[in-house]
Amino acid sequence: MTHEDDVYFNIDSRLLLQLGEKLVTNRAVALAELVKNTYDADATHVLVSLANIKNPSGTIIVEDNGSGMSLSTFKKTWMRIATIDKENNPISQKYKRQKAGEKGIGRFACRSLSTNLKIKSVAVTEEGHKEELNAFFDWTAFTPGSDVDKIPVKYSTKPVGDNTPTGTTLTLGDAKDYWTAWDVRRLRNELTDLISPTTFHSGDEIEPVSDEYDLGFEIEFDCTEFPTKEERLDETFLKNAWAKLSGNVDENGIATYKIKVLNKVVNDISKSHKRTESFQYLRNAKLEISFFVYIPPFFKGSEWVSSKAAEIGRKRGGVKVYADNFRVFGYGEKGDDWLKVDYDRARSKGGVNEEVSDYLEVNDRPGLRLFMNRALFGHVMFLKNSNPMLEIAVNRERLINNESFEELKNFVRLGIDFATILYANEVTKKIELEDKNKKMEEEERKRVEEELKKKAEESRIKAEEQAIKAEKERKEAEERAKQAELERKRAEENLRKAEDERRSAEIERRKAEEEERRKADEIAGKRLEEALKNEKERLKVEEEARRIEEARRKKEEEIRLKTEGERKRAEEIRLLEFEDLRKNEDELRKLKDEEFKIKEEKLEREFLQLRVLASTGTSVLILNHELQALVDAMEEMNESFLLIISKMPDNERLVHEEIQKSFSNRIEMVKEFGSFVGLTVGGESRLEKKEWVISPIAESVFRPFKWYLHEFGIDYSITLPDNLRTGKMYRSELVSVLFNLLSNAIKAIKGTTDRRIEVTGFEEDNFIHIWHLDSGGGLDKNRWEVVFEPFETYSEPDLKFGVGTGLGLKIVRDIIKSYAGNVQFIDPPDSWKTCVEIILPKRD
């Protein structure tokens with residue numbers, strides 16, 4: 001006899017395990033699903049608080065001011081697995097919001113966080129009264145093998161006053177795992193970025209606007225055990241970007257882009273691009289991306305500095321994805337490269353999307369300037385109703401990879417390529433402009449130099465012409481002097497002739513007298529009269545000769561004085577011309593000296609930087625990058641280790657907790673060394689000199705070695721005055737000086753029983769003095785100056801610091817002397833063996 005009947009599926013409690021712990025493994029995603037439920041309930045504020053979560057069995061509370069759940073809603077939706085309520089009612093009642101939660105994952109995600117759940121909800125019933133609902137879920141009762149519908153869930157209801165605010169409070173008790181500071185910080189960041197930073201305005205409204213204005217949605221986070229807040233990246237940060245890109249895909253699939261430069265390289269750019277070809281699947285999507293270039297000029301006058309911004313970029317840079325108003329996890333996180341920008345940039349890929357290649361203004365490889373994730377801060381958002389193929393994976397992390405998702409990627413990547421080409425154009429223009437300016441400066445310098453040379457040559461030629469003219473006038477004066485000399489000689493000849501005539505007349509007179517004496521007295525008178533007449537004539541001739549001689553001498557003196565005056569004037573003119581020539585030559589020499597001094601100062605700055613970097617090189621920069629990756633891996637291992645220890649028996653836990661504590665200390669030591677490596681290679685703004693307070697920099701040099709110093713029983717103290725500052729210098733140079741003195745001191749005291757190091761200082765007579773003291777074996781005075789020579793070392797080999805190269809003190813002295821200072825060994829104070837004194841000019 002045949003028996004026929006109906007059978008029905010039963011639901012095993014194991015299904016809750018699959019929907020909870022197995023499906024949602026990310027605790028941030030689990031809490032995000034609960035927050036989405038509060039949004040769907042028209043809440044404007046939700047508070048997520050964690051208490052006593054450093055150890056397992058803590059408490060997590062999610063409290064909102066939404067519409068709450070009535071008993072009927074609780075039974076129809078919360079207590080029904082895989083309900084289709086949100087498919088049937090996709091819009092919230094009060095604010096007409098597009099509901100964000102899906103598939104009822106939120107309630108079962110609670111299982112992955114705690115062993116029990118308490119619900120307290122106040123809502124308005126169908127009759128219009130307010131009612132409080134309380135329910136308790138003991139998840140441990142839902143064991144695999146049992147039927148879900150056979151395990152009771154206790155609840156109670158009671159009426160409340162009309163003034164009682166509506167809302168729901170979920171209390172997740174007896175948390176399964178402990179939380180670390182890193183876990184809380186990550187959760188805080190995930191919740192901060194959970195809500196889209198912008199509101200999407202599509203061409204078609206999803207639903208008619210409600211009469212009740214949506215007041216928005218705010219997420220508040222509280223954890224008293226880890227209270228540190230993450231810095232919110234608001235406009236004070238984003239305004240330092242090079243440019244901001246906005247993009248939109250309309251309801252027809254046509255994409256448009258617009259870029260606006262915020263901090264120009266050369267030009268203020270505002271360009272747009274519109275695709276002629278529409279996307280096949282993508283509709284109603286929008287993006288906003290800020291592009292950062294981490295160089296000081298873009299952060300001038302900002303409360304942010306380029307190095308701090310670059311660090312934030314490494315941690316939080318990227319393009320996030322939002323479906324409606326809520327974030328899709330997995331995109332835009334540290335290490336995620338869903339747009340392949342880091343991949344393409346690392347392989348020096350030279351091309352960009354051909355669609356925007358027409359914007360390239362120069363023959364360049366713009367892909368070499370492709371913006372990496374650390375330079376991008378932005379998001380892309382799409383409407384789920386317009387993009388049914390953009391479906392979030394079942395575990396609520398990432399989108400399903402299909403044609404629609406590829407179009408979403410292409411939409412964002414095309415915008416980045418568009419911005420990259422415009423930035424590459426600007427960088428190339430800047431390089432060309434700088435080259436042009438340098439060329440113009442060089443041409444101007446050559447022009448000035450040529451003008452000075454020409455002027456000097458003209459002065460030289462003019463001086464030579466004046467000298468020739470003076471020489472000619474001198475020769476003419478000499479010729480006139482010769483002529484005067486000839487006239488003087490002729491006058492002397494006339495005088496001699498006159499004298500001869502006088503003598504002849506005298507002879508004649510004497511003859512006449514003699515004859516007169518022989519003749520008669522009658523002719524004597526006649527003769528005498530004639531002789532007197534001749535005497536008068538002679539005297540007249542002599543007087544005339546004398547007058548001519550005096551006139552000649554006077555004229556000769558005038559000629560001589562005139563010639564001497566002309567010679568002096570010619571000499572003065574020649575000296576003035578030579579003085580002009582000398583001044584021109586001095587001016588030319590001064591110009592060359594100033595140009596040489598500028599080049600010398602530039603080479604000196606480059607040399608100072610190379611000198612500090614000489615002991616590290618490119619390998620240290622690579623090491624610093626790898627060291628950060630190692631620290632991240634060690635922290636993850638430490639968290640796993642803590643989880644394993646928490647599950648150990650009590651008798652084994654104590655021993656392993658000591659091992660874990662030592663491992664944590666080692667992690668901190670590696671972090672400190674990573675920080676010190678950044679200081680040594682000039683992780684700060686290396687091209688800027690500042691006045692530095694010395695005490696905190698000395699602390700940063702000692703800090704990475706505190707475990708090493710403690711291990712060898714070395715006591716150290718830093719007693720520098722809080723206001724003791726250097727003049728303007730590079731921070732990395734001061735770090736290099738203090739580190740070299742510290743390494744020498746440690747090597748000196750390791751072999752002694754008294755192991756002490758102290759750094760102190762003071763100001764005196766417009767100078768600052770820094771004393772580096774140690775209690776080691778001391779140094780013979782005969783070697784106080786020798787050890788400052790290159791390759792001269794007196795320290796013993798050390799496993800930590802290696803074998804001395806003999807360059808440390810040489811580098812110290814070169815750095816200090818470059819700032820007009822001095823470093824030397826001096827007699828140490830009592831109880832100390834060695835004292836190295838650094839003297840630097842006091843700051844202005």
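Visitor: Quick one on Thr-115: buried or exposed?
Guide: Thr-115 is buried, with a relative accessible area of 17%. Buried here is under 20% relative accessible area, exposed is over 50%, and partly exposed is in between, using a 1.4 Å probe and protein chains only. Keep in mind that this is a predicted model, where local features need pLDDT of at least 70, side-chain atom pairs count only at pLDDT 80 or more, and totals for chains, interfaces and linings use all residues. Residues are numbered from 1 along each chain as its sequence is written, and side-chain values use heavy atoms, with hydrogens and water left out.

Visitor: Which strand does Thr-115 lie in?
Guide: Strand S3, residues 114-124. Helices (H or I, at least four residues) and strands (E, at least two) are DSSP runs, numbered from the N terminus.

Visitor: And what is Thr-115 in contact with, leaving aside neighbours within four places in sequence?
Guide: The list is Phe-137, Asp-138, Trp-139, Thr-140, Gly-173, Asp-174 and Lys-176. Contact means heavy atoms within 4.5 Å.

Visitor: Zooming out, how many helices and strands are there in the chain?
Guide: The chain comes to 17 helices and 21 strands. Of its 844 residues, 41% are buried. Among contacts with a separation of 6 or more, 75% are between residues 24 or more positions apart.

Visitor: Got an example of that sort? Say, what are the C-alpha atoms of Lys-54 and Tyr-178 separated by?
Guide: 5.1 Å, although the two residues are 124 apart along the chain. Lys-54 is in the loop between strand S1 (45-51) and strand S2 (59-64). Setting aside neighbours within four places in sequence, Lys-54 touches Tyr-178, Trp-179, Glu-225 and Phe-226. At 44% relative accessibility, Lys-54 still counts as partly exposed.

Visitor: Switching to helix H2. How many residues does it have, and what does it reach end to end?
Guide: H2 covers residues 27-40, so that's 14 residues, and the distance from first C-alpha to last is 20 Å, close to the 20 Å expected at 1.5 Å a residue. The expected span is 1.5 Å times one less than the number of residues.

Visitor: Why is H2 largely enclosed?
Guide: Because 12 of its 14 residues are buried. Charged side chains are on that buried list too, including Glu-33, Lys-36 and Asp-40.

Visitor: How do the axes of H2 and H6 cross?
Guide: At roughly 40°, and the axes of H2 and helix H6 (residues 181-192) come within 10 Å. That makes H2 oblique to H6. The crossing is right-handed. Arg-27, Ala-28, Leu-31 and Val-35 of H2 meet Asp-183, Leu-187, Glu-190 and Leu-191 of H6. By class, that is 5 nonpolar, no polar and 3 charged residues.

Visitor: Hang on, what counts as oblique, and what counts as left-handed or right-handed?
Guide: Angles under 35 degrees are roughly parallel, over 145 roughly antiparallel, 65 to 115 roughly perpendicular, and the rest oblique. The axes are lines fitted to C-alpha atoms, for helices over the stretch in contact, and angles run from 0 to 180 degrees between N-to-C directions. A crossing is left-handed if the near helix is turned anticlockwise from the far one by less than a right angle, and right-handed if clockwise. For the classes, Ala, Val, Leu, Ile, Met, Phe, Trp, Tyr, Cys and Pro are nonpolar, Asp, Glu, Lys and Arg are charged, and the others, Gly among them, are polar.

Visitor: OK, now H14 and H16. At what angle do they pack?
Guide: About 55°, with the axes of H14 (residues 694-702) and H16 (residues 731-749) 10 Å apart. That makes H14 oblique to H16. The crossing is right-handed. On the H14 side are Ile-697, Ala-698, Ser-700, Val-701 and Phe-702, and they meet Arg-731, Leu-734, Val-735, Leu-738, Phe-739 and Leu-742 in H16. The tally is 9 nonpolar, 1 polar and 1 charged residues.

Visitor: And H16 with H17: what angle, and how far apart are the axes?
Guide: About 145°, with the axes 9 Å apart. This crossing is left-handed. H16 brings Glu-733, Ser-736, Val-737, Asn-740, Leu-741 and Asn-744, while H17 brings Gly-808, Leu-809, Ile-811, Val-812, Ile-815 and Ile-816. Those divide into 7 nonpolar, 4 polar and 1 charged. H17 (residues 808-817) is mostly covered, with 7 of its 10 residues buried.

Visitor: Last thing: what is phi of Asp-765?
Guide: Near 50°, a positive value in a residue other than glycine. Most residues other than glycine have a negative phi. Asp-765 is in the loop between strands S18 (756-764) and S19 (767-774), and it counts as exposed at 66% relative accessibility.
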